[in-house]
Amino acid sequence: MRIAVYPGSFDPLTLGHLDVVTRGAKMFDHVVVAVLVNLKKTPLFTSEERTALIRESVKDLPNVSVDSFSGLLVNYLQEKQATVIIRGLRFISDLETELQMASMNRELMPESETIFIPTNHEFSYLSSSLIKEIARHRGDVSRFVPGNVLHALREKQEERFG
């Protein structure tokens, strides 16, 4: 069985992320969307909240599961018996950083391969950071995120800013 891991912070999940995972699910037997827990950062959503939001968003994709991890991606790949990493690309500027990470992962785990999936052009300008900034200023992000994420963003906004 070909297992691929799509790692990221997904804070929050965007329609661009969902596009990449949906397309990846067509290429592999199983895709694990792996939420990175980075203790050095303070995300808007906890890892548990992000995991739950993604699970709800991918519930119609039977060969996709959602998990979280911390530490080295290659250790997580080995734990999941996966050899493929899925990465979405928005712009050519993403490629340099992504190639560096792919090369390092391959050095640490020679059997690993990184597959780059270019984001659909209609989502290429989306980033979680932009979504949070727009939402923080009460802008409309409804066309950029799944409905359940929109609802969660509005709840967070109310909690933090009243």
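**Figure 1. Helix α4 against the strands β4 and β5.** In this predicted model, helix α4, formed by residues 92-108, lies across β4 and β5. The helix runs at about 170° to β4. Strand β4 itself consists of residues 84-89.

**Figure 2. The open sheet and its edges.** The sheet is built from 5 strands and is open, with the order β3-β2-β1-β4-β5 and parallel pairing. At its edges stand β3 (64-69) and β5 (113-118). Each of these two strands has a single partner strand, so one side of each is left without a neighbour in the sheet. From one strand to the next, the twist averages 30°.

**Figure 3. The pairing of β1 with β4.** Which strand is joined to β1 by 2 bridges? The strand is β4, and β1 and β4 run parallel. This view shows Ala4, whose bridge partner in β4 is Val84.

**Figure 4. Arg87 and its surroundings in strand β4.** Arg87 is found in β4. When residues up to four places away in sequence are not counted, Arg87 touches Pro7, Glu98, Met101, Thr114, Ile115, Phe116 and Ile117. With which residue does the side chain of Arg87 make a polar contact? The partner is Glu98, and the contact joins the two side chains at 2.8 Å.

**Figure 5. Ser9 in the loop after β1.** Ser9 is found in the loop between β1 (residues 3-8) and α1 (residues 15-27). Is Ser9 buried, partly exposed or exposed? Its relative accessibility is 39%, and Ser9 therefore counts as partly exposed, since this class lies between the limits of 20% for buried and 50% for exposed. Apart from neighbours within four places in sequence, Ser9 is in contact with Val35, Leu36 and Arg50.

**Figure 6. Annotated residues at the largest pocket.** According to an unreviewed UniProt entry, the annotation "binding site" covers Ser9, Lys41, Leu73 and Arg87. Where do these residues lie in relation to the largest pocket? The lining of the largest pocket includes Ser9, Lys41, Leu73 and Arg87. Two of the residues named here also appear in the preceding views: Ser9 in the loop between β1 and α1, and Arg87 in strand β4.

**Figure 7. The annotated domain.** The annotation "domain: Cytidyltransferase-like", taken from the unreviewed UniProt entry, covers residues 5-133. What share of this span is helix, and what share is strand? The span is 43% helix and 22% strand. The end C-alpha atoms of residues 5-133 lie 28 Å apart.

Notes. Residues numbered from 1 in each chain as written. Predicted model: local features only at pLDDT ≥ 70, side-chain atom pairs only at ≥ 80, totals over all residues. Heavy atoms only, no water. UniProt positions renumbered as here; feature names shortened; annotations may be inferred. 1 Å grid on protein atoms, 1.4 Å probe; cavity = no way out; pocket = protein on both sides within 12 Å on 5 of 7 lines; lining within 4 Å. Helix = DSSP H or I, 4+ residues; strand = E, 2+ residues; numbered from the N terminus. Buried < 20%, exposed > 50% of the residue type's maximum accessible area, 1.4 Å probe, protein only. Contact = heavy atoms within 4.5 Å. Polar contact = N/O pair within 3.5 Å; in protein donor to acceptor, adjacent residues only side chain to side chain. Pairing = 2+ DSSP bridges. Axes fitted to C-alpha atoms, helices over the stretch in contact; angles between N-to-C directions.
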